[in-house]
Amino acid sequence: MSDTVLNRRAESPATENFPSPIVTIDARDWRLETVDPAWIDALEEGKVLYFPHLAFRLKEDEHRFLNPDINAEGSRSITLETGGRFKGVAGDEAVQAAVAAMVGRFRADAQQLVDSLLPHYRDSLRMATTSYRPKQVETRIQTWRADDKRLHVDAFAGRPNHGERILRVFANINQEGVPRVWRVGEPFEEMARKFLPRLEKYRPFHARMQQLLRKTKKLRTEYDHLMLQLHDNMKLDEDYQRNAPQLTMPFAAGSVWVCFSDHTLHAAMSGQYMMEQTMHLQPENQYDSTQSPLAILQRLTGRKLV
Ligand code: SIN
Ligand code: FE
């Protein structure tokens, strides 16, 4: 499959033959004053919460970091781990420290947003990596499995998560008005119904071997196997990529959006300069734990998967 095909798809008019997967929220402050419970339902149902007027503010001195060359050669993005480990920046110590401060400020903003939006998660949410992605999406060259221009749900071959949720806060920090354009797909359950019958069977022995050989950080459970199979099969299915229900969604420069990226079908088609904060949550700590990929897949297969 050539990337040109998908780029053309992104430029074509949005398909809106399914309920909108986007909920727009008119907040201007990272600490939300009021929260509509319908937003939380929508998020846990796999929709994207979009804050068109909530911007991550750069300091005057930080505009110089909007440059792809700030990303060290060979690394996909600039990352700040929860333990403080910071990598991916090309530059001297002063530059490193200044970029780390910018990324750290985004982490604090994202945490404030999630704390005020989802107070019930507060005690169980596990903060994970913060990343700054200065590279242009359109010109990124990737293998099919890493190609995020194809619709997918997040699932990582080497990092089984046993059903733990992946909540992500994104900010388009482009200063030239360039939107970050995503495609957002149909509800997870509809997609899973289509793909489940054709997935490879789980092989417990194979999963153990992968763990022993340290190809995976933990045991790949049947849940992890199915999520990875869904990720791979979706990305490889040209017909699904082109014809499945989907909405082309430009996230404006100076906006923020939040979704469970293990649940929301998404593809990043174009744009440059984005911040991203990952957080993890056990599904039993959701407002409604029946709204998780684990619960949906267990219901569809009739089996316990972890
Ligand atoms: C992804 O999470 O698949 C990509 C998000 C982006 O780069 O906009
Ligand atoms: Fe993704």
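In this predicted model, helix 4 and helix 6 meet through Phe 188, Met 191, Ala 192 and Phe 195 on the side of helix 4 and Met 227, Leu 230, Asn 233 and Met 234 on the side of helix 6. Sorted by class, the residues of this contact comprise seven nonpolar, one polar and no charged. Helix 4 covers residues 188-195, and its axis lies 11 Å from that of helix 6, at an angle of about 85 degrees. Because angles of 65 to 115 degrees count as roughly perpendicular, helix 4 and helix 6 are assigned to that class.

Helix 6 (residues 222-236) also packs against helix 8 (residues 293-301), where the axes come within 11 Å and cross at roughly 95 degrees. Helix 6 and helix 8 are therefore roughly perpendicular to each other as well. Helix 6 contributes Tyr 223, Leu 226, Met 227 and Leu 230 to this contact, and helix 8 contributes Pro 293, Leu 294, Leu 297 and Thr 301. The class division for helix 6 with helix 8 is seven nonpolar, one polar and no charged. Met 227 and Leu 230 of helix 6 appear in the contact with helix 4 and also in the contact with helix 8.

**Iron site**

The iron ion (ligand 2) has three protein donors, namely His 152 (NE2), Asp 154 (OD) and His 266 (NE2), at 2.1 to 2.2 Å. Along the chain these donors follow the spacing H-x1-D-x111-H. His 152 belongs to the loop between strand 5 (126-133) and strand 6, whereas His 266 belongs to strand 10, so that this pair links distant parts of the chain, 114 residues apart. His 152 and His 266 are both buried. Asp 154 has a further role in the network of salt bridges that links it with Arg 133, Arg 168 and Glu 276.

**Salt bridges**

In total, the structure holds 19 salt bridges. Three pairs are set out below.

| Acidic residue | Basic residue | N to O distance |
|---|---|---|
| Glu 62 | Arg 105 | 2.7 Å |
| Asp 262 | Arg 165 | 2.9 Å |
| Glu 186 | Lys 194 | 2.8 Å |

The side chains of Glu 62 and Arg 105 form one of these bridges. Glu 62 sits in the loop between strand 2 (48-51) and strand 3 (78-80) and Arg 105 in helix 3 (residues 93-117), so the bridge ties together parts that are 43 residues apart in sequence. Glu 62 is buried, at a relative accessible area of 6%, while Arg 105 is partly exposed, at 22%.

The side chains of Asp 262 and Arg 165 form another salt bridge. This pair links distant parts of the chain, with Asp 262 in the loop between strand 9 (255-260) and strand 10 (266-270) and Arg 165 in strand 6 (residues 165-172), 97 residues apart. Both Asp 262 and Arg 165 are buried.

In the bridge between Glu 186 and Lys 194, the acidic residue Glu 186 is buried, with a relative accessible area of 4%. Its partner Lys 194 is partly exposed, with a relative accessible area of 39%.

**Surroundings of Glu 164**

Glu 164 lies in the loop between strand 5 and strand 6. With a relative accessible area of 10%, Glu 164 is buried, because the class requires a value under 20%. Leaving aside residues up to four places away in sequence, Glu 164 touches Arg 126, Asp 262, His 280, Leu 281, Gln 282 and Pro 283. One of these partners, Asp 262, is 98 residues away along the chain, and the C-alpha atoms of Glu 164 and Asp 262 are separated by 9.3 Å. Asp 262 is also the residue that meets Arg 165 in a salt bridge.

**Backbone with positive phi**

His 162 is not a glycine, yet its phi is positive, at about 55 degrees. His 162 is located in the loop between strand 5 and strand 6 and counts as partly exposed at 29% relative accessibility. Arg 214, also not a glycine, has a positive phi of about 60 degrees. The position of Arg 214 is the loop between helix 5 (204-212) and helix 6, and Arg 214 is exposed, with a relative accessible area of 75%.

Key:
Residues numbered from 1 in each chain as written. Chains lettered and ligands numbered in written order. Predicted model: local features only at pLDDT ≥ 70, side-chain atom pairs only at ≥ 80, totals over all residues. Heavy atoms only, no water. Salt bridge = Lys/Arg side-chain N within 4 Å of Asp/Glu carboxyl O. Helix = DSSP H or I, 4+ residues; strand = E, 2+ residues; numbered from the N terminus. Buried < 20%, exposed > 50% of the residue type's maximum accessible area, 1.4 Å probe, protein only. Axes fitted to C-alpha atoms, helices over the stretch in contact; angles between N-to-C directions. Parallel < 35°, antiparallel > 145°, perpendicular 65-115°, else oblique. Contact = heavy atoms within 4.5 Å. Nonpolar A, V, L, I, M, F, W, Y, C, P; charged D, E, K, R; others polar. Donors = N, O, S within 2.8 Å, 3.2 Å for Na, K, Ca; no water.
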